[in-house]
Amino acid sequence: MSNRGRRRRVTSAHLDFDPDLIKRLVPGAADLPSDQPEKRMMIRALRLAWNTTLTPIQREYMVEYYINMRTMQRIAVNHGVTKGTVSRTLRRGRKRLCDAIQYCQCL
């Protein structure tokens, strides 16, 4: 039986995604103060995930959406895709970053 069309349960990790983290992940972003080693470790893990696990298009859409504050519709028009494609790409990118956060917290 296919899972297609069924709703998926959203875990709490996906609900806790902080869009402001994206601003710290892009090249040239300032590091956290040295008096917060746990957060520095998390940012490093996320930067690694940003550079290695996200696809180039996921990174590009996230920068456009979260940093340049473009709408999904505008991103879709600029890239010649549907709004749904942009939405799914952003969601998958957020999931990959959230998975990296969970892994980092387990260390």
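These questions and answers cover the helices, burial and salt bridge of a predicted model. Local features need pLDDT of at least 70, side-chain atom pairs count only at pLDDT 80 or more, and totals for chains, interfaces and linings use all residues. Residues are numbered from 1 along each chain as its sequence is written, and side-chain values use heavy atoms, leaving out hydrogens and water.

Me: How many helices does the protein have?
Reply: Helices are DSSP runs of H or I, at least four residues; strands are runs of E, at least two; both are numbered from the N terminus. Along the sequence the pattern reads α-α-α-α-α-α. There are zero strands, and the helix count is six.

Me: What distance separates the end C-alpha atoms of helix α3?
Reply: Helix α3 covers residues 37-52, 16 residues in total. The expected span is 1.5 Å times one less than the number of residues. That predicts 22 Å, and the distance between the end C-alpha atoms agrees: 22 Å.

Me: Which residue meets R70 in a salt bridge, and is that residue buried or exposed?
Reply: A salt bridge puts a side-chain nitrogen of Lys or Arg within 4 Å of a carboxyl oxygen of Asp or Glu. The structure holds one. R70 pairs with E64 at 4.0 Å, N to O. Buried means under 20% relative accessible area, exposed over 50%, partly exposed in between (1.4 Å probe, protein chains only), so at 10% the partner E64 is buried.

Me: What arc do the buried residues of α5 cover?
Reply: In helix α5, residues 72-79, the buried residues are M72, I75 and A76. They lie on the same side of α5. Taking directions from the helix axis to the C-beta atoms, the arc is only 100°.
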